[in-house]
Each structure stands twice: as C-alpha cells, then as structure tokens.
Amino acid sequence: MVSNTTAFKVFAISNSIALFTSLSIVIVLVSIIPFKRKPHMRLLSIAHKVMWVAIAFMASVYVTATWVILPHSEGMQWLSVMLIALGCGSLGTIFIGLSVMQVEHWPRKSHPDP
C-alpha cells in the first residue's frame with residue numbers, strides 16, 4: 001500500500017544512498033591509516049565531502065519516512081511540520097556554524113605564520 005507513494009520511493013532511494021555512502025566513508029576512514037601524509041589528507045578531504053552527501057541523504061530519509069508514517073489528518077499536520085523544521089533547523093545551524101569556521105580558517109591557511 002505505501003510502496004506506491006512518491007514519499008516511499010524517495011525514502012527507498014535516499015535510504016540506499018545514505019547507507020552505502022556512509023559505509024563507504026567508514027571503510028575509507030579505517031583504511032587510510034597506513035598512508036603517507038599527502039595522500040592521507042587528499043583522501044580525508046574527499047571522504048569529508050562524501051560524508052556531507054551521506055548526511056544529506058540520511059536527513060531526506062528521515063523526512064520522507066516521517067511523512068509516510070505520520071497521519072495526514074487535519075489535526076496532525078503540525079507534527080510533521082514541527083519534526084521537519086526541527087531537523088532542518090538543527091542541521092542548518094550546524095552547517096552555517098561550520099561554514100563560518102571554514103571561512104575564518106581560510107586566511108590563516110593561505111598565509112601561514114612565520
């Protein structure tokens with residue numbers, strides 16, 4: 001019954017992408033220990049970017065699963081909106097905070113102290 005809905009299809013695709021990208025990152029991070037510094041940092045940088053993709057898909061899995069399982073009756077729509085707003089707000093706050101920290105770090109990275 002639920003498998004015919006668009007929300008379930010989005011859930012299934014996002015869930016698969018989130019799972020396998022997360023597992024891939026875990027494998028990469030565990031495997032880079034014996035590498036030298038330069039390749040290690042390059043691989044770590046790539047793993048960091050892929051981890052953001054995994055987080056984005058895990059968030060979409062949560063949103064679509066919440067949408068599928070919660071009732072859509074007149075008095076219950078506020079719950080879906082609140083849960084989605086809470087998730088987006090917390091992830092958005094973390095993303096903005098990390099972006100500010102990254103921007104503050106760029107000048108120090110391009111002009112190292114003597």
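# Exercises on a three-helix chain

Over residues 76-100 the chain is 96% helix and 0% strand, with end C-alpha atoms 37 Å apart. This is a predicted model, so keep that in mind as you work through the exercises below.

## Exercise 1: The overall plan

Task: Find how many helices and strands the protein chain has, and the pattern they follow along the sequence.

Solution. Start with the count: the protein chain has three helices and zero strands. Next, read from one end of the sequence to the other, and the pattern is α-α-α. Then look at how the parts meet: of the contacts between residues at least 6 apart in sequence, 59% join residues at least 24 apart.

## Exercise 2: Annotated spans

Task: Work out which residues the UniProt annotation "transmembrane region" covers, and what the model shows over residues 50-70.

Solution. First, the record: the unreviewed UniProt entry places "transmembrane region" on residues 6-30, 50-70 and 76-100. Now take residues 50-70 in the model: this span is 95% helix and 0% strand, and its end C-alpha atoms lie 30 Å apart. For residues 76-100, the corresponding values are 96% helix and 0% strand.

## Exercise 3: The span of α2

Task: Check the distance between the end C-alpha atoms of α2 against the expected span.

Solution. Begin with the length: α2 runs over residues 37-69, and it has 33 residues. At 1.5 Å a residue, the expected span is 48 Å. The model puts the end C-alpha atoms 47 Å apart, which agrees.

## Exercise 4: Buried or exposed?

Task: Find which residues of α2 are buried, and place Met51 and Val53 on the scale of exposure.

Solution. The cut-off for buried is under 20% relative accessible area. In α2, Ala47, Ala54, Val61, Thr64 and Thr66 are buried. Met51 is also in α2, but its relative accessibility is 34%, so it counts as partly exposed. Val53, another residue of α2, has a relative accessible area of 39% and is therefore partly exposed. For the whole chain, buried residues make up 11% of the 114 residues. The accessible surface comes to about 8,800 Å², and carbon and sulfur atoms hold 76% of that area.

## Exercise 5: A patch on α1

Task: Name the residues that form a nonpolar surface patch with Leu19, and say how exposed Leu19 is.

Solution. Locate Leu19 first: it sits in helix α1, residues 6-31. Leu19 has a relative accessible area of 42%, so it is partly exposed. Together with Phe20 and Leu23, Leu19 forms a nonpolar patch on the surface, and the three share about 290 Å² of accessible area.

## Exercise 6: Distances across the sequence

Task: Find how far apart in space these pairs lie, C-alpha to C-alpha: Met51 and Ile25, Val53 and Ile17, Gln77 and Trp67.

Solution. Take Met51 and Ile25: they are 26 residues apart along the chain, and their C-alpha atoms are separated by 6.6 Å. Val53 and Ile17 are 36 residues apart in sequence and 8.8 Å apart in space. Finally, Gln77 and Trp67 are ten residues apart in sequence and 9.6 Å apart in space. Gln77 belongs to helix α3, residues 77-110, and is partly exposed at 44% relative accessibility.

## Exercise 7: The partners of Leu83

Task: List the contacts of Leu83, leaving aside its neighbours within four places in sequence.

Solution. Leu83 is found in helix α3, where it is partly exposed at 26% relative accessibility. With the sequence neighbours set aside, Leu83 is in contact with Tyr62, Thr66 and Leu70. Of these, Tyr62 is 21 residues away along the chain, and the C-alpha atoms of Leu83 and Tyr62 are separated by 9.6 Å. Thr66 also appeared in Exercise 4, as one of the buried residues of α2.

How values were computed
Residues numbered from 1 in each chain as written. Predicted model: local features only at pLDDT ≥ 70, side-chain atom pairs only at ≥ 80, totals over all residues. Heavy atoms only, no water. Patch = residues over 30% accessible without salt bridge, like charges linked within 9 Å, V, L, I, M, F, W, Y side chains within 5 Å. Areas by Shrake-Rupley, 256 points an atom, 1.4 Å probe, with all protein chains shown as cover. Salt bridge = Lys/Arg side-chain N within 4 Å of Asp/Glu carboxyl O. Helix = DSSP H or I, 4+ residues; strand = E, 2+ residues; numbered from the N terminus. Buried < 20%, exposed > 50% of the residue type's maximum accessible area, 1.4 Å probe, protein only. Contact = heavy atoms within 4.5 Å. UniProt positions renumbered as here; feature names shortened; annotations may be inferred. Expected span 1.5 Å × (residues − 1).
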